[in-house]
Amino acid sequence: MTPRAAILGPLLALLTLAGGSSAGAQQVTVAFDPSGEVGVDEVLQLTIRIEASGSVRVTPPAIELDNLEIVGGPSRTTSVQFVNGRRSDSQTFVWSVRPRALGTAGLSEGRVAIGSDIVDLPQRTVSVVENPPQRVPRARSADPFDRMFGRDPFGRDRRRRGLDDFFNRRRVERREPEIFLEASLLPRQPWVGQQALYTLHLYTDVGIRSVTPSQLPDFKGFWTQVLPQETDSTPERVVRDGREIYRIKLLQRALFPRRAESLRIEPVATRMVVARQGFGSPFEDVGEIERRSNPLQIEVRELPEPAPPSFNGAVGDLRLEAELEPRQLQVGEAATLRLTLAGRGHLKGLLPPTLDVPTLDGVPAFEVFDPQTQSSEEVRGTQVVGEKVWSYVLLPQRPGTIELADIEIPYFNARTSSYEVTSVSDLTLDVAAATRLERAGGSVAELHPIRQISGAPPSQSWPWRLWLFASPLVAAACLLIVRRTTGGWTRTDGSPAPRRHLLRALDDAAQEDRASQLAARLEAAWRHFLEARWALPPGLASRRWSEELVARGAAADAVSELVQLQEDLHYLRYAPKLSETDEMRDEVLARSRKLARRLR
Amino acid sequence: MTAPAENAKANRWRSATFAVLLAAAWLAGVSVPALPVGADSSVASVTEERDALGALAAGNDLVEAGELERAIEVYRSGWSPRRQHPTLAYNLGTTLHLSDRLPEAILWYRRADADDPWVEENLWLARRSLGSRRIATGGPWAPVAAQAGTLSNVGIGLAWLALLGLAFERRLPRATWLALALGAILTFGAARALERWGPRPAVLLATCRSPAGDLPAGTEVEARWDGTWRVAGETFECPDQAVEPIDPAL
């Protein structure tokens, strides 16, 4: 096993333990080591790693190689992890392969059976070139004695190494391995909400069998996102303090500070099983050591002021998109506005933007309900990319063209240290009047069509009422005028109206010179009138006039006056001729005329 | 022929002639101002009816052809406030509804036959589509105005009672008759005045604004005319063209 492979397996276990698996039910990764450009005689390692949730049976992959020959393998490594009570298995198959000729080489096809599933392996290629990049000397090309001084911690072929150890063990010197952990954070002074990358590196110059974390920081004050292990994560050789040493990325987290404050990230403590050659022994000397990383002190910066008015805390590099469906609908139907805010940054905690509801004819054009929210995040490289989707239901209230106001979301771009705005516009709804709606009882009302010509009569309200009202009044007016003009109704027997007859009789009587005759004629005229107009019996004694007339509805004062007139006429008729009779004569005539109007 | 008989005959002729002249004058006074110049009442009615039916047929054809705007114009041309054709009003309302002109559609549905179930359903749809509301408050005179029809009927009844009393009850005191006649005139006149100047059902065709808020187009209100339209019971001042009474013939 190569040094990289020797370290990689345990580290995968560590990463899983430290961050929790983000894989789904199963995940297959394929990698060449080295990758990119390789030489013709260079031996590569083809690693196929299968991760699956639970206990799953995995058969060795069937592979087809292009321009590669297998020089070893496959070796199989099985790892079982229990995280939060869940079992996760991983199996790693490693082949040693060698290019046959210049050009492109790689895994052209392959399949693996994971439980009952058959999974196709992704293709991987390398370029075979004459002059490959210079690499850290691999085990086979290294000085075979280097390992005696601990310079080749990852060993080579175990059988040969055992023999070498056996024959050369006296030359082996024991030395303390150089192993340490280093934690780093970039940037060291992040803005509130800005992603900072926390990385834990293991530096070692010996082989590591396993790494088990005994203490992990809680990252208090941060929202954290575990960054999955890179598929081609391999130890890299770096120069540190003048010495070459292997560096392995053990752990990476994306950290998003929640508020502006001074934060401390506690160190990581691990136990490691280290393998090195024992003195005078052909076998490896395995020991366990503990290491702690350095703590980190971080100053989180407050976002600059002033923030835009509608700034809701979004930090990153974001883009807003909108979908409005359907854009043509009827009143009573709903449209869905789907706003998608995506980009680099942690978006899960963002509040939805408030929609400005336009008015149509002075009333809100639509009713908008609280949006449904969906959030998702993925990691691209070391960058957390978030997506926040708000789905608003819009219920138009009136027909017409509704133009939604531009929707803007300001955010703080940490790269430019400035506020920027992402927006969407041109959101228009064409709302038609409803022609079909459901009633409260569940029945459906539909717009009825126009009617064809029908015999329904036009309605008229006022003319007939006016006629009905005016007709009797006009008729009554005519009646009154006729009565006034003619002096009364003509009787049915053809005789003149009583009042008119009375008046004529009064006129005729006025021609009489003798007072007694005048009084007699007046008395007779009145008797005739009372008989004709009031239906008094002929010859009724004058003393009973009052009683009868009142009984027939005549005005009492007029009747009283008539009785007085009758007494005066009686006096005038039988009184001696005196000078005063002339005056009485004129008086009774005038009183008779007046009474004729009152008793008509 | 005796003198009294000759007098009676002459009286009858004079009375009849006078009554005929009065009736003719009254007919002219009532009918002529309401007619188009140069037309008599019967001709006008027939013409209006013919116009309404012609407009209905032409408008229907245009609706079938999908020319809604022209159909609306044709329907309008055939409608007369004095002879309100319910089918014409319904078709006009439906065409306006199809054209998304819902405030006007509500107005014309209200002018159509209220007992027609199609009118009722289409009006319901228009109201729901518009989210419109109905403001029933018509100010302090609203309860009285609501009884304007009853008042006018009472006035008509009193007028006939006065006539009958005058004609057949000779002994009816003059004061009683005058009270009947005056009561008839006042009651009927009050009913007309209420319907003319009191709160009347109307539909807003444009938004009426007030400091407290707006009344949107399509709102059904009780409006009153005092030189400008006022939505009774409210403080809204509406442009003249914003308020359209349901019955413009009042």
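## Exercises on a predicted two-chain model

Helix α4 of chain B is followed by B:Asp100, whose phi is positive, near 65°. Helices here are DSSP runs of H or I with at least four residues, strands are runs of E with at least two, and both are numbered from the N terminus.

Before we start, residues are numbered from 1 along each chain as its sequence is written, while chains are lettered from A and ligands numbered from 1 in the order in which they are written. This is a predicted model, in which local features need pLDDT of at least 70 and side-chain atom pairs count only at pLDDT 80 or more, whereas totals for chains, interfaces and linings use all residues.

**Exercise 1. Work out what span helix α4 of chain B should have, and find how many of its residues are buried.**

Step 1: take the expected span as 1.5 Å times one less than the number of residues.
Step 2: apply this to the 13 residues of α4(B), residues 86-98, which gives 18 Å; the end C-alpha atoms are 18 Å apart, so the two agree.
Step 3: call a residue buried if 20 or more other C-beta atoms lie within 10 Å of its own, exposed if 12 or fewer, and partly exposed in between, with C-beta atoms placed from the backbone. By this count 13 of the 13 residues in α4(B) are buried, and the helix is mostly covered.

**Exercise 2. Decide whether B:Ala112 is buried or exposed, and find which residues are in contact with it.**

Step 1: locate B:Ala112 in the loop between α5 and α6 (117-130) of chain B.
Step 2: count its C-beta neighbours inside 10 Å; there are 28, so B:Ala112 counts as buried.
Step 3: use the contact rule, C-beta atoms placed from the backbone and lying within 7 Å. Leaving aside neighbours within four places in sequence, the partners of B:Ala112 are B:Pro86, B:Ala89, B:Tyr90, B:Gly93 and B:Val119.
Step 4: look at B:Tyr90 again, which is 22 residues from B:Ala112 in sequence but 5.2 Å away in space, C-alpha to C-alpha.

**Exercise 3. Now do the burial test for A:Gly54.**

Step 1: find A:Gly54 in the loop between β3 (44-53) and β4 (62-66) of chain A.
Step 2: with 11 other C-beta atoms within 10 Å, A:Gly54 is exposed.
Step 3: check its distance to A:Ser90, which is 36 residues away in sequence and 9.7 Å away in space, C-alpha to C-alpha.

**Exercise 4. Give the strand order of the open sheet that contains β21 of chain A, and name its edges.**

Step 1: count two strands as paired if DSSP finds at least two bridges between them.
Step 2: read the order of the 3 strands, β21-β31-β28 of chain A, with mixed pairing. The edges are β21 (328-330) and β28 (400-404), each of which pairs on one side only. Neighbouring strands are turned by 30° against each other on average, direction ignored, where axes are lines fitted to C-alpha atoms and angles run from 0 to 180 degrees between N-to-C directions.
Step 3: inspect β21(A) and β31(A) (residues 427-432), which run parallel and are joined by 3 bridges. Here A:Gln330 has A:Ala432 as its bridge partner.

**Exercise 5. Describe the hairpin of β29(A) and β30(A).**

Step 1: note that 7 bridges join β29(A), residues 407-413, to β30(A), residues 418-424, and that these strands run antiparallel.
Step 2: place A:Asn413 opposite A:Ser418.
Step 3: turn to the 4 residues between the strands, where A:Ser417 takes a positive phi near 55°.

**Exercise 6. Which residues have the most contacts inside the largest nonpolar core?**

Step 1: define such a core as buried Ala, Val, Leu, Ile, Met, Phe, Trp, Tyr and Cys residues joined through C-beta atoms within 7 Å.
Step 2: in the largest one, of 71 residues, the answer is B:Ala126 and B:Leu204. Its largest share, 6 residues, comes from helix α5 (residues 102-111) of chain B.
Step 3: list some residues that B:Leu204 touches, including B:Pro103, B:Leu215 and B:Val243.

**Exercise 7. Find how confident the predictor is in chain A.**

Step 1: use pLDDT, the predictor's confidence in each residue from 0 to 100; its mean in chain A is 78, and 80% of residues reach 70 or more.
Step 2: compare elements of chain A: helix α1 (residues 3-19) has the lowest mean pLDDT, 43, and strand β22 (residues 335-344) the highest, 94.
Step 3: mark residues 136-173 of chain A, where pLDDT stays under 50.
Step 4: for the complex, the predictor gives an ipTM of 0.71 and a pTM of 0.52.

Technical notes: Contact = placed C-beta atoms within 7 Å.
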